[in-house]
Amino acid sequence: MSNALQRDLVRLVRRIEQEDGPRAAADPFRQNFHLMPPVGWMNDPNGLCRCGEWYHVFYQYGPFDPTGGVKMWGHYRSRDLLHWEQLPTMLYPDQPWDIHGVYSGSALVEDGTMYLYYTGNVKFAGDYDYITTGRGHNTALAVSRDGVTVESNELLMENKDYPSDLTCHVRDPKVWAQDGKYYMVLGARTKEDRGELLVYESEDKRHWTHINTLTTPEKFGYMWECPDLFCLDGQWFLQCSPQGVEQQGNRFQNVYTCGYFPLYGDFRGEYTLGNFQEMDSGFDFYAPQTFVDGDRRLLLGWMGMPDAPYTNPTVEQGWQHCMTVPCVLRRDGDRLLRMPAPEIDALRGKHVAPEDARVFDMVCRTQSKGRLVIRGSAVIEWDEGLLRLTIDGGGAGRTVRCADVRTVQTLRVLADASSLEIFVNGGEQVLSTRYYPAPYMHGVTVFGAETEIWEMGALQITEK
Ligand code: FRU
């Protein structure tokens with residue numbers, strides 16, 4: 001694509017950020033310790049990686065429209081997960097294979113070079129259903145040596161290269177290196193409306209061979225978005241965001257779900273998938289991605305939900321959505337535990353009394369039964385086997401979510417200006433949600449728990 005188009009897009013995005021940025025920044029619902037789009041729309045985390053001394057967080061960015069629009073890859077980087085640089089947009093829809101959106105993908109880092117694999121979205125004009133016809137989902141590779149600018153971009157695979165029993169929906173490559181080879185998983189929707197994962201192998205990062213397909217014996221949703229496949233402490237996990245899974249009791253209460261299957265055997269050959277575990281029981285958690293950072297595996301998720309019936313009042317201020325805090329994953333048998341990365345503790349300021357708390361980190365010790373009322377707006381109640389989150393005012397459509405839990409012994413609540421992340425029993429269950437209490441409302445009422453509460457500081461974000 002011509003350099004002129006690239007230059008125009010760069011100028012346009014800068015201009016909208018300069019013009020609309022101050023209005024977004026002045027919104028009282030703006031978060032303190034979560035990454036948000038400078039303006040416009042944010043969804044999935046993309047290309048999460050550690051490259052040299054930098055952590056990179058790319059994300060689905062729609063700067064022109066707080067309700068979505070054409071996606072590109074926004075970019076933040078940090079050395080410590082606390083001080084962040086807001087960098088120029090990394091990938092623009094400027095190639096014939098991504099003209100209607102640079103969709104989600106991942107980063108492979110090798111010898112200091114970043115290989116960004118993504119899905120280029122193309123929508124053909126005409127009378128199409130955009131499921132079985134009318135859409136191109138192309139797998140592409142952009143390469144960056146400095147981690148800030150892209151020096152090449154190439155098309156690797158298009159729909160005709162994928163298995164013939166699939167619809168046009170094949171996307172969100174996650175790539176890693178293993179045993180001297182490269183592996184890629186892609187989420188797919190079959191013509192029979194089943195969700196599955198394609199496994200590809202490559203010797204050179206550019207030519208890919210389909211070697212296996214991972215799915216469940218019984219249909220589990222019609223599409224598996226944003227796949228991830230990793231081994232943690234000796235156990236493999238297939239993580240994905242399935243669409244089309246019906247609610248079952250307190251499970252799968254959101255329009256789309258998100259979780260993981262333990263995978264036994266070999267993802268390249270014979271395998272079985274264990275029971276699917278939902279990763280979050282709140283209103284707003286989707287499309288998480290993990291990456292390796294030394295001897296730990298970190299995860300960031302999108303604190304949002306596509307096609308949800310509830311809304312976010314921030315749209316009126318020209319922005320919408322944010323990321324979760326970065327979390328560390330740990331293995332407990334076939335389960336994953338998720339807790340905030342310890343770096344976040346550095347944002348704790350002085351202790352605050354419950355009645356004064358507004359933006360805070362709270363640790364609770366409890367026995368079987370208790371209740372917290374946060375800023376007069378969110379009620380967290382637990383009893384043997386059940387935890388209930390009720391947004392009672394300021395939910396912008398959010399009402400109640402329940403989680404089946406073991407006896408609640410500990411709770412950690414991260415409360416930002418417009419979100420709650422509730423970690424139960426060291427991360428056995430998590431509930432993430434946005435909420436919009438009146439900015440002057442503060443205070444936590446506590447029943448049945450011993451609490452310690454810290455005021456939370458803010459991430460430092462500088463524009464580069
Ligand atoms: C998940 C998702 C991905 C896609 C991206 C587009 O939220 O639908 O499957 O790549 O968002 O923004």
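These legends describe close-up views of a predicted model.

**View 1. The largest nonpolar core of the model.** This core has 45 residues. The members that touch the most other members are F360, L372, I374, I380, L387, L411 and V413. Strand 24, which runs over residues 360-374, supplies the largest share of the core, with 5 residues. At least three residues come from domain 1 (3-340), and at least three from domain 2 (347-463). In soluble globular proteins, nonpolar side chains tend to be buried together.

**View 2. The surroundings of F360.** Leaving aside residues up to four places away in sequence, F360 touches F33, I374, V413, L414, A415, V444, I453, W454 and M456. F360 and two of these contacts, I374 and V413, are also listed among the core members that touch the most others.

**View 3. A second nonpolar core.** Another core, of 34 residues, lies apart from the core of 45 residues. Its members include M42, F291, L300 and V325.

**View 4. The residues around the ligand.** N43, D44, Q60, K71, Y103, S104, R171, D172, E225, C226 and Y286 surround the ligand.

**View 5. Polar contacts and burial of the ligand.** Three of the surrounding side chains are shown here with their distances to the ligand. For Q60, a polar side-chain atom lies 2.7 Å from a ligand oxygen atom. For R171, a side-chain N or O atom is 2.8 Å from an oxygen atom of the ligand. For E225, the distance between a side-chain N or O atom and a ligand oxygen atom is 2.7 Å. The ligand taken alone exposes 320 Å², and the protein buries 91% of that area.

Terms used: Residues are numbered from 1 along each chain as its sequence is written. This is a predicted model: local features need pLDDT of at least 70, side-chain atom pairs count only at pLDDT 80 or more; totals for chains, interfaces and linings use all residues. Side-chain values use heavy atoms; hydrogens and water are left out. A nonpolar core is a set of buried Ala, Val, Leu, Ile, Met, Phe, Trp, Tyr and Cys residues joined through side-chain atoms within 4.5 Å. Buried means under 20% relative accessible area, exposed over 50%, partly exposed in between (1.4 Å probe, protein chains only). Helices (H or I, at least four residues) and strands (E, at least two) are DSSP runs, numbered from the N terminus. Domain bounds come from an automatic or database domain assignment. Contact means heavy atoms within 4.5 Å. A residue is near a molecule or strand if one of its heavy atoms lies within 4 Å of it. A polar contact is a pair of N or O atoms within 3.5 Å; within protein, one must be able to donate a hydrogen and the other to accept it, and residues adjacent in sequence count only if both atoms are side-chain atoms. Accessible areas come from the Shrake-Rupley method with a 1.4 Å probe; for residues, only the protein chains shown count as cover.
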